[in-house]
Amino acid sequence: MSIGEDTARTARLIESLLESISEKIIFLASKKSEKKGFLECACYFYRVSVVLMEIQTAETESVLISSTDILESLSDSIDEAKNIIEKYQESNGEESATNLSSSIEEELEGIVKQIGENLQSIPESTFDDQEYAGRVVQSLSKEMLNAKFGDSKSDIPEIVQHTKQTPSGSKTLETMSEQIETDLYPTDPEVSYGSCLISSESKVTEIESSPSQSTYNSSQRNYGRLTESLSMLPQVTQFIEPPYQAFICPLTKEIMEDPVTIETGITCERKAVTEWFERFINPDEIYCPVTGQKLKPGVSSNIALKTIIEEWISDKVEVVEAALSAICTLLDDKVDVEKSLSTLSEMNGDGWKEYNKVKVCEAGILQLLDKFLVYRDKDVRYEVLELLHKMAEDSNAGKEMIARTINISCIIKLLPSSHQQLRHAALLVLLELSTSQHACERIGTATGGILMLITSKYNRDINAFASETAEQILKQLEKFPDNIKRMAENGLLEPLLNHLAEGTEDVQVAMATYLVEIVIGHDKKTYVAEKASPALIRLVQSENTEARRVAFKALAQISLYHPNSQILVESGIVKIMVEEMFTKRMFSDLMNSRNEAATVLANILESGLAHEGFQVNTHGHTLASDYFVYNIIHMLKNSSPDELNIDLIRILLSLSKSSNTMATIVSVIKETDASFALIELINNPHEDLGVEAIKLLIALSPYIGHTLSERLCKTRGLPENLIQCPTEASHILERHAVSAKFLAKLPQQNLTLNLALVSDSVVSKILNAIHLIQRSGTRTSRYATDYLEGLVGILARFTATLYEPQMLYLAINHNLTSVFAELLMKTSSDEVQRLSATGLENLSSATPTLSRPPQTRSTKFMATLSMPRSLSIGSSRKKQIQICPIHRGVCSSKSTFCLVEANTVTKLVACLQSDKVEVVEAALSAICTLLDDKVDVEKSLSTLSEMNVVQHVLDAVKEHKKETLLQKAFWMIDKFLTRGGDKYALGISQDRMLTGMLVGAFHREDGNTREMAENILRRLDKMPSFSTYIV
């Protein structure tokens, strides 16, 4: 048997099953008053018919053939049901009919379970890619396997008295609708819903060249009639104005499909009122959603109203069928779109006039077209787009109705299609719709709509037509202001910038607002600055308060990107901002523009532009002049708003990077005695203001450090409140870091500040914080490294005043030698290494003073106290006291800070290899303390020679050319030559690089460096000795 014959055989089998099932449904539904199990069985048979019709719409012949065995089993089960029903019909009127009906009910229950087993055998591949259909069938099979007739929880309420006489088929549909579940109806519009349309009008055949084609179409028509009142017509009629308000559910505001009446007499949609009941946890609290009266959770089917609604729907069948016919013609490849348009035109008169298009839309055709926009056949989608284009063309009402009904996102999704004809059709529809204000809004708000149009616009080389059409659509969309913002957000900035430059003042304000709200990529920020700056500056100079406020915000955002600073300066913004800051506006301006102007100016100056030549007024004053600096500091001293003070300090910090301007700032601060006002800002509750003030004080500390130290000690709560130690490293804030750094940067020799800080608790807090950072690492907080550097700097400042007993006590008590020695190696910060080396230098400088020879008592006195040797129990050998060979006394790392005893010299030598000259210089300074005249220099030279210190020093000098480092290196080498003699001279003299550096220093350097170079060259016999003069 051929494949075609098998397919036809399967089709005939399905047709036969559908007809047989339909007969059983009608009979069982008509007998529902006798046994409610009959109605349940009818519902199951109906749901099985839906499954059969889904199989019938399968697109592949193999699926139909593979289902033949299952269908034959189903046919056997239906035949058994037929025999049972005939047996019941023959017994009708007999006395035993009641008992027989119970027996038949049990037999039908067995048939239902048998059918459930057959359904369970249907493979999921039967329904192609419709996963939902497979799940529904499996769910139905499980339900049928567990079917139990006569065990319902509640009887089905009926209203017989008001039921209008209707044909038996219609009555069957009524009763079935009470039991049909929502999962019986597929939701995929591409197959199941489409198949309903196709089958109802018999326009498309799925099986080519079938001998039973007419029979197949007949069964499809039966299926269409069976389902049109349950699925198709209610959806369409939602777009047709109902004649009675009673048709409308008070909850859903739509035409009811299954009206039910509650206890108060109100009729609602069954699903809606069920959901209303489920909202209440306590049944006693349920009340009527319309009247508010208390009621019980029960409903009665309003069959009379349902019948009236269905009759009203049937009156609209002519219009609906015409719409369905037009849609179905789109699905036949042999009929072009012109025939579809002709069908719709005949329904409404001659030609596609405005009235006719509106009537077609009102008939519900747009609802159906919307479903077919997601149909999987691209030709169907293309024909739908063509029809939409015709309906929208030259019809404002049609455009509005399409915009309200059609899902614009479905059209947008077709723009990136690989099918060029489909893509062009979608663009043409959007172009036609874009002339409507409502459609402009819908297109703009559609997900990805504007992005897809912009993409098409920029792909001119790939598709010129699509690019030009997309550009026209975007131009139309500009009529809706929010669309301009969306374009800018998606990378198309020209509409926004053009409206900002050329629009009315209101439009400019709106565009400036959008410019503030959107996020601009770095590659576009300079372009935006060039195009927008002139218009924004004009708005700043206007008298419109709102325009000025928005323009300032936009300029502040543009100026944050430092490459834009030069563009803003060239546009003359500096002079305008300074005028806003220093010159009062007219009394009618309600906004305080000084804050915004200061923000813009601070942003520009922080870019690092050379500011000395920027003029601020017509009198020739510049940003570096006394006039400008004085006004800034004057505003700071006079309690300006916190936000303004932050920007003023930012301006001063930017100006302080220039040595000339810093001199002006220092001079004005001294003259106006503004240092106290700056110190007071540290205690300001505004966190950012306090941080910015401390940053400025750090910059000023090298110039007026002692003044700041004295003022700091006289301010309430300071300086001890500046040292704060968080409990976790991740909680370290910028304020912690800048506060510690400020204390570290102030002059270390200032005893007043050191005494104000010194206490056991302060040093303990600092050491605990250092250990916390060492354990957790500096990556736990972005400010951890700066905080650590500040803490180590505070410890180092204590070592600068060891002559003070309190400082000495703290250094000994907390063993600062070991602390600094550990920090030398256990840190990745060059500044921490430098500060640690500086602290060790200060400590080592005090070692000769602290180191004392061991105390010896009088020999004669000790002899009188000693026992005879024969009576001595202990060892005869005297306990040896270790003497430091370098310091010639008793030393320790803790009490005398001896670097040798602390094994710190090797760590300092290792620091000589650092890339940072500051670290090398600090380490060399600490090593040089071992060559002081107060120590045994020869022993020190021997110790340092064993560590090859000279070679490390020479290597460091070769890499770093700093004069102060050269001085220290030459000083050490001179010590080796003068105190070590020939023992070290030979090795030093053989280093050719050293000779070259000495000669260069002799020729180029001045002062001490030149003199030391000359002495070393003379001792190496590289220069003649002038001790003997020839006359």
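# Close-up views of a predicted chain

**Figure 1. Overview of the chain.** Of the 1031 residues in the chain, 51% are buried, and the whole is a predicted model. The secondary structure of this chain comes to 51 helices and 3 strands. When contacts between residues at least 6 apart in sequence are considered, 71% of them join residues that are at least 24 apart. The average pLDDT of the chain is 77, and 76% of the residues score at least 70.

**Figure 2. Two stretches where pLDDT stays under 50, residues 326-342 and residues 344-352.** Over residues 326-342 the model has 31 contacts beyond four places in sequence, and over residues 344-352 it has 21 such contacts. Where pLDDT is low, the predicted coordinates should not be read in detail.

**Figure 3. The packing of helix 24 with helix 26.** Helix 24, which covers residues 494-502, packs with helix 26, which covers residues 522-540, at an angle of about 25°, and the axes of the two helices are 9 Å apart. Because angles under 35 degrees count as roughly parallel, helix 24 and helix 26 are described as roughly parallel to each other. Helix 24 passes helix 26 in a left-handed crossing. On the side of helix 24, the contact is made by Glu 494, Leu 497, Leu 500 and Ala 501, while helix 26 contributes Tyr 527, Val 528, Lys 531, Ala 532, Ala 535, Leu 536, Arg 538 and Leu 539. The residues of this contact between helix 24 and helix 26 divide into 9 nonpolar and 3 charged, with no polar ones.

**Figure 4. The packing of helix 16 with helix 17.** Helix 16 (residues 378-392) and helix 17 (residues 396-405) pack at an angle of about 135°, and their axes are 7 Å apart; helix 16 and helix 17 are therefore oblique to each other. Leu 388, Met 391 and Ala 392 of helix 16 meet Gly 398, Lys 399 and Ile 402 of helix 17. Sorted by character, the residues of the contact of helix 16 with helix 17 come to 4 nonpolar, 1 polar and 1 charged.

**Figure 5. The surroundings of Ala 796 in helix 39.** Helix 39 runs over residues 784-798 and holds Ala 796, whose relative accessible area is 0%, so that Ala 796 is buried. Leaving out residues up to four places away in sequence, Ala 796 touches Gln 748, Phe 820, Leu 835 and Asn 842. Ala 796 and Thr 838 stand 42 residues apart in sequence, and their C-alpha atoms are 6.9 Å apart in space.

**Figure 6. The surroundings of Ala 821 in helix 41.** Ala 821 lies in helix 41, which spans residues 816-825, and with a relative accessible area of 4% Ala 821 is buried. Apart from neighbours within four places in sequence, Ala 821 is in contact with Leu 840, Thr 904 and Lys 907. Ser 836 is 15 residues away from Ala 821 in sequence, and the C-alpha to C-alpha separation of Ala 821 and Ser 836 is 7.2 Å.

**Figure 7. The surroundings of Ser 893 in a loop.** The loop that holds Ser 893 lies between helix 43 (859-865) and helix 44 (905-911). Since buried means under 20% relative accessible area, Ser 893, with a value of 19%, is buried. Not counting residues up to four places away in sequence, Ser 893 touches Asn 815, Thr 817, Ser 818, Cys 898, Glu 901 and Ala 902.

Key:
Residues numbered from 1 in each chain as written. Predicted model: local features only at pLDDT ≥ 70, side-chain atom pairs only at ≥ 80, totals over all residues. Heavy atoms only, no water. Axes fitted to C-alpha atoms, helices over the stretch in contact; angles between N-to-C directions. Helix = DSSP H or I, 4+ residues; strand = E, 2+ residues; numbered from the N terminus. Parallel < 35°, antiparallel > 145°, perpendicular 65-115°, else oblique. Left-handed = near helix turned anticlockwise from the far one by under 90°. Contact = heavy atoms within 4.5 Å. Nonpolar A, V, L, I, M, F, W, Y, C, P; charged D, E, K, R; others polar. pLDDT = per-residue confidence, 0-100. Buried < 20%, exposed > 50% of the residue type's maximum accessible area, 1.4 Å probe, protein only.
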